[in-house]
Every structure is written in C-alpha cells, then in structure tokens.
Amino acid sequence: MLRLAIRVRRADAELVLAELLELVPSGVEEVALGDSVEYAVYGAPGELPALPALRAAVGAAIVEVSTREIPDDWAERWREFHRPLVLDGAITVRPPWEPPGTTPIDVVIDPGQAFGTGAHATTRLCLELLLELEPLAAGPLLDLGCGSGVLGIVAARLGWTPVVAVDYDPASVQATGANAEANGVRLDVLQLDLRIDPLPDTPTVVANLLSPLLITWASRIGPVPPRRVIASGILLGEVDAVGRAFAIAGLDVVARRVRGEWAAVLLDQAPRAR
Ligand SMILES: C[S@@+](CC[C@H](N)C(=O)[O-])C[C@H]1O[C@@H](n2cnc3c(N)ncnc32)[C@H](O)[C@@H]1O
C-alpha cells in the first residue's frame with residue numbers, strides 16, 4: 001500500500017481539494033502544516049492518481065509530491081479517517097466497524113471505492129438541510145451523484161419514497177446498492193451521466209456535486225423544475241454563480257448553510273415557476 005502526499009500552499013488548499021475530490025472521490029486525508037496543507041491518498045500501486053493527471057489538475061499549486069510505502073497499520077489509519085457522524089441527536093452515519101449509534105436513525109455506510117462516509121463537510125451540510133425538510137418527507141426524492149448512497153439512504157430512512165439514486169461511476173452504483181441493502185432500504189440505483197442522460201423527474205432533489213456540475217445540471221433542467229433542490233459542494237466564492245444558474249431554471253435560494261469553506265443551499269421554485 002502506498003501513501004501519496006501532495007503538499008500545497010494554504011491559500012490554494014480549498015481549490016486543490018475540490019480538484020482532488022474529482023480525481024479521488026473516495027476522499028483524501030488532510031494534514032495542516034503551518035502555511036501549507038498536505039493532502040494524502042492511499043492505494044495500491046496503479047490505483048493512485050498518476051503524476052501527469054495531478055499536475056494537470058493542481059500543478060500550479062503543488063509545493064511537493066511524495067510517495068511512501070505504508071506499514072501494516074494501514075487498516076487502522078483508514079479506520080481513524082472514517083469516524084461516525086452524529087447529527088442533532090437524530091442521525092448516526094457510521095462505518096461498519098463502529099458500534100451502532102443511539103440515535104433514532106442509525107445508518108451504516110461502507111465507502112468502498114465511492115465518495116461518501118457522511119463525514120465530509122459537503123455531505124454533512126446536505127444531511128442538515130434534509131433534516132430541516134423532514135416534515136415534508138413522504139414524496140419521491142432523487143439523490144443526484146449518490147457516491148456511497150449515504151444521502152439517499154438517510155432520506156429513505158426519514159420517509160422519502162421512492163428514492164432514486166444516480167451516479168455515472170460504476171463503483172458508486174455498486175456501493176449504493178450494497179449499502180441500501182445493508183440498511184434494509186429500497187433505492188432505485190441508476191448509472192447515468194447527469195451531463196448528457198435524461199434524468200428521472202422528481203419533486204425533491206439532493207445533489208452534492210461541485211459547482212461546475214451543479215451549473216451544468218441547472219442548465220439542463222426543463223420547463224418544469226423540481227419543487228426543491230438541496231445543492232452542496234459549493235465553495236463559498238461560488239454560491240452566487242450557482243444561485244444565478246438555478247434562478248434561470250426557475251429555482252431561488254431560500255436557505256444557505258456554511259461549514260468551513262463549503263456552502264450548501266436549499267432552492268425552491270420561484271413564484272413564476274409554481
Ligand atoms: C461529492 S460526491 C457526493 C457523494 C454523496 N452524495 C455524498 O454526499 O457523500 C459527488 C458524486 O457525483 C458523482 N458524479 C460526478 N460527475 C457525475 C456525472 N457527470 N454524472 C453523474 N454523477 C456524477 C461522483 O461519481 C460522486 O459519486
């Protein structure tokens with residue numbers, strides 16, 4: 001097992017993280033080092049991002065790249081990295097090796113090769129907004145860019161039904177199906193590319209994607225937009241651009257949540273689109 005470490009200037013860190021998560025959707029370890037930040041990725045030789053791809057994505061920001069063999073404590077480190085998330089005393093999202101939570105909703109997520117243990121700020125912001133919508137939970141919901149399926153599975157546990165989960169990555173489709181089964185919920189999991197494929201029509205959508213993808217999707221929304229959308233994965237400086245893209249599609253920002261450099265918004269149909 002190898003550990004690939006990429007050290008970047010702190011000023012560039014948030015943009016680098018966004019790019020790295022595109023290359024390594026299962027997540028990266030973050031270590032603060034004074035005025036720089038180190039992002040580390042673990043994997044077998046051949047599984048890690050290649051240097052040319054890294055340089056193409058974040059080359060200008062790189063201070064140092066290093067690789068080293070990981071000793072036998074690799075499994076323990078991975079477990080340290082994936083900690084349970086407990087939200088508002090209502091929801092626990094935990095990896096399979098952690099004991100069950102004491103909250104009314106206890107969801108087990110095995111991330112496998114897919115993004116999404118619940119712990120990432122962008123996922124957490126979605127979960128917080130989903131909890132705020134709980135009184136409405138009953139209708140159909142689309143988890144767009146489902147990764148490990150964490151958002152769709154929590155939504156199903158909150159009462160949304162039917163829940164459709166979409167991702168273009170076969171590993172995510174596989175992980176979502178397996179995680180839904182492990183949690184005893186039914187999800188329709190579809191392998192679709194939101195940039196080109198027709199998407200299921202649902203009144204409520206939760207989409208934890210990066211801003212460029214959110215904007216692409218917004219530009220594809222038809223004449224009847226979803227009733228409401230939770231959109232996350234937005235860097236603070238990009239909230240206005242994302243808001244403008246959805247406004248054109250007939251959806252207005254009605255709530256915003258922030259965690260560190262990340263924001264998530266709740267969008268609702270603008271009066272003219274209702
Ligand atoms: C930031 S992850 C979010 C995963 C999960 N929903 C969560 O909150 O933890 C974004 C997901 O979008 C998926 N994705 C990226 N581009 C996509 C596309 N063009 N079509 C469909 N899914 C896409 C990725 O494979 C990834 O699983």
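**Helix packing, strand pairing and a buried valine in a predicted model**

Modeller: In this predicted model, the axes of helix 7 (residues 211–220) and helix 8 (residues 239–248) come within 8 Å and cross at roughly 10 degrees.

Biologist: Are helix 7 and helix 8 roughly parallel or roughly antiparallel?

Modeller: Two packed helices are described by the angle between their axes and the distance between the axes. Angles under 35 degrees count as roughly parallel. The axes of helix 7 and helix 8 cross at roughly 10 degrees, and therefore the arrangement is roughly parallel.

Biologist: How many charged residues has the contact of helix 7 with helix 8?

Modeller: Helix 7 contributes S211, L214, I215, A218 and S219, while helix 8 contributes A241, V242, A245, F246 and I248. By class, 8 of the contact residues are nonpolar and 2 are polar. The number of charged residues in this contact is none.

Biologist: Which strands stand at the edges of the sheet with the order 5-6-7?

Modeller: This open sheet has 3 strands and mixed pairing. An edge strand here has a single partner strand, so one side of it is left without a neighbour in the sheet. The strands in that position are strand 5 (85–87) and strand 7 (105–108).

Biologist: What is the bridge partner of L85 in strand 6?

Modeller: Strand 5 and strand 6 (residues 91–94) run antiparallel and are joined by 3 bridges. Within strand 6, the residue paired with L85 is V93.

Biologist: Which helix lies across strand 6 and strand 7?

Modeller: The helix in question runs at about 150 degrees to strand 7. It comprises residues 150–158 and is helix 5.

Biologist: Through which helix does the chain cross from strand 9 to strand 10?

Modeller: Strand 9 (residues 163–167) and strand 10 (residues 187–191) pair in the parallel sense over 5 bridges, and V164 stands opposite D188 in strand 10. The chain makes a right-handed β-α-β crossover between these strands. The connecting element is helix 6.

Biologist: Is V173 buried or exposed?

Modeller: V173 lies in helix 6 (residues 170–182). Leaving aside residues up to four places away in sequence, V173 touches D167, V189 and Q191. A residue is buried if 20 or more other C-beta atoms lie within 10 Å of its own. Because V173 has 20 such atoms within 10 Å, its state is buried.

Biologist: How many Å apart in space are V173 and L4?

Modeller: In sequence, V173 and L4 are 169 residues apart. The C-alpha to C-alpha separation in space is 26 Å.

How values were computed
Residues numbered from 1 in each chain as written. Predicted model: local features only at pLDDT ≥ 70, side-chain atom pairs only at ≥ 80, totals over all residues. Pairing = 2+ DSSP bridges. Helix = DSSP H or I, 4+ residues; strand = E, 2+ residues; numbered from the N terminus. Contact = placed C-beta atoms within 7 Å. Axes fitted to C-alpha atoms, helices over the stretch in contact; angles between N-to-C directions. Buried ≥ 20, exposed ≤ 12 C-beta atoms within 10 Å, placed from the backbone. Parallel < 35°, antiparallel > 145°, perpendicular 65-115°, else oblique. Nonpolar A, V, L, I, M, F, W, Y, C, P; charged D, E, K, R; others polar. Right-handed = clockwise from strand over helix to strand, strands pointing away.
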